[in-house]
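Grab a pencil and work through these exercises one at a time. Try each task on your own before you read the solution below it.

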Amino acid sequence: MTLAPSNSQDTRSMIVETARGHLRRYGEDKMTIVGIARALGMSHANVYRYFPDKAAIVEAVLDRWLSRVENFIEETAQRGGSAAEAIERVVIELHRKRRAKFQQEPELYESFRRVIVSRSRAVAKRQEKIAAVFKQLVLQGIRDGEFRPVDPEEASTVLVDATAFFLHPAVMPSALQSRGEERACSVVRHILAGIAAAGHASEPLIGAAAQ
């Protein structure tokens, strides 16, 4: 691949995308700036114009990946239905997405898993995003009379902690071997049953457990 003339943002984006491919193929330890530059048909000195070191490139790859995950969570949460349906949908569909990636591209998944678990900031950012979505959905449920007037901050934290086994990349292999989707549904429904208002008993919402 030879780098075509472009503006700075395009060049930066191409470096990040190429690094993503190298991260997948070689892993973080064996990925090099020289290799990325060669693939782009530029000098490694030119790569340093955009990133001070390899760590910064890996962070940029991770940020792009996290942005895509955040967009997916937002879109999934906003698809309509009750708050309980939306919460369950976020958990199950993110779990399915993780599972599909793990099954289809295990090498890429393993590379990203290693990058993520070694960077506490990335893990915290991801958890904050999921917690924020859960909090908004809990508030929606309270406004609609679906949930009791619980502390939305506490409820969202409980949801994040309880579903981490099914959503965190570091434990996905274990979740796959342990009826992950069925168990995730059960965990979410038990939590939501605990905050449900009178007359809003927890019921199967999207049929994921039966799949």
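**Exercise 1: Around Phe134**

Task: Find what Phe134 touches once residues up to four places away in sequence are left out.

Solution: Start with the contacts themselves: setting aside residues up to four places away in sequence, Phe134 touches Ile87, Val90, Val91, Ser156, Leu159, Val160 and Thr163. Next, place Phe134 in the wider picture. The largest nonpolar core has 57 residues, and Phe134 is listed among those with the most contacts inside it, together with Ile15, Phe51, Ile57, Ile87 and Phe147. Finally, see who supplies that core: its largest share, 12 residues, comes from α4.

Keep in mind throughout that this is a predicted model.

**Exercise 2: The overall layout**

Task: Work out how many helices and strands the protein has, and what share of its residues counts as buried.

Solution: Begin by counting elements: there are 10 helices and zero strands. Reading along the sequence then gives the pattern α-α-α-α-α-α-α-α-α-α. Now turn to burial. Of the 211 residues, 44% count as buried. Last, look at how the chain meets itself: among contacts with a separation of 6 or more, 69% join residues 24 or more positions apart.

**Exercise 3: How far to trust it**

Task: Decide where in the protein confidence is lowest and where it is highest.

Solution: First take the average, a pLDDT of 83, with 86% of the residues scoring at least 70. Then compare helices: confidence is lowest in α9 (residues 172-176), at a mean of 61, and highest in α2 (residues 33-40), at 95. Now check the weak stretches. Residues 1-5 have a pLDDT below 50, and this stretch makes 12 contacts in the model beyond near neighbours in sequence. Residues 203-211 are also below 50, with 22 such contacts. Here's the lesson to take along: where pLDDT is low, the predicted coordinates should not be read in detail.

**Exercise 4: Measuring up helix α4**

Task: Compare the reach of α4 with the span expected for a helix of its length, and find which residue caps its N-terminal end.

Solution: Helix α4 covers residues 54-77, which makes 24 residues. From first C-alpha to last, α4 reaches 35 Å, close to the 34 Å expected at 1.5 Å a residue. Now step to its N-terminal end. The cap there is Asp53, with a side-chain oxygen 3.3 Å from the backbone nitrogen of Ala55.

**Exercise 5: A bend in α8**

Task: Say where α8 bends, and which of its residues are buried.

Solution: Helix α8 runs over residues 152-167 and bends by about 30° at Asp161. At its start, a side-chain oxygen of Asp151 comes within 2.9 Å of the backbone nitrogen of Glu153. Next, list the buried residues of α8: Pro152, Ala155, Ser156, Leu159, Val160, Thr163, Phe166 and Leu167. To make sense of such a list, remember that an α-helix has 3.6 residues a turn, so residues three or four places apart point the same way. Now look back at Exercise 1: Ser156, Leu159, Val160 and Thr163 are among the residues that Phe134 touches.

**Exercise 6: Buried or partly exposed?**

Task: Sort Leu40, Ile130, Glu17 and Ser82 into buried or partly exposed, then see what lies around each.

Solution: The cut-off for buried is under 20% relative accessible area.

- Leu40 lies in helix α2. Leu40 is buried because its relative accessible area is 0%. Its C-alpha is 7.6 Å from that of Ile15, 25 residues away along the chain.
- Ile130 belongs to helix α7 (residues 120-143). At 3% relative accessibility, Ile130 is buried too. Beyond four places in sequence, Ile130 touches Ile73, Leu94, Val160 and Leu167.
- Glu17 sits in helix α1 (residues 8-30). Its relative accessibility is 34%, so Glu17 counts as partly exposed. Leaving out residues up to four places away, Glu17 touches Arg64 and Arg68. Glu17 and Val61 are 44 residues apart in sequence, yet 7.3 Å apart C-alpha to C-alpha.
- Ser82 is in the loop between α4 and α5. With 25% relative accessibility, Ser82 counts as partly exposed. Apart from neighbours within four places, Ser82 is in contact with Gln140 and Glu146.

Key. Residues numbered from 1 in each chain as written. Predicted model: local features only at pLDDT ≥ 70, side-chain atom pairs only at ≥ 80, totals over all residues. Heavy atoms only, no water. Helix = DSSP H or I, 4+ residues; strand = E, 2+ residues; numbered from the N terminus. Expected span 1.5 Å × (residues − 1). Polar contact = N/O pair within 3.5 Å; in protein donor to acceptor, adjacent residues only side chain to side chain. pLDDT = per-residue confidence, 0-100. Contact = heavy atoms within 4.5 Å. Buried < 20%, exposed > 50% of the residue type's maximum accessible area, 1.4 Å probe, protein only. Core = buried A, V, L, I, M, F, W, Y, C linked by side-chain atoms within 4.5 Å. Bend = angle between axes of the 7 residues up to and from the residue.
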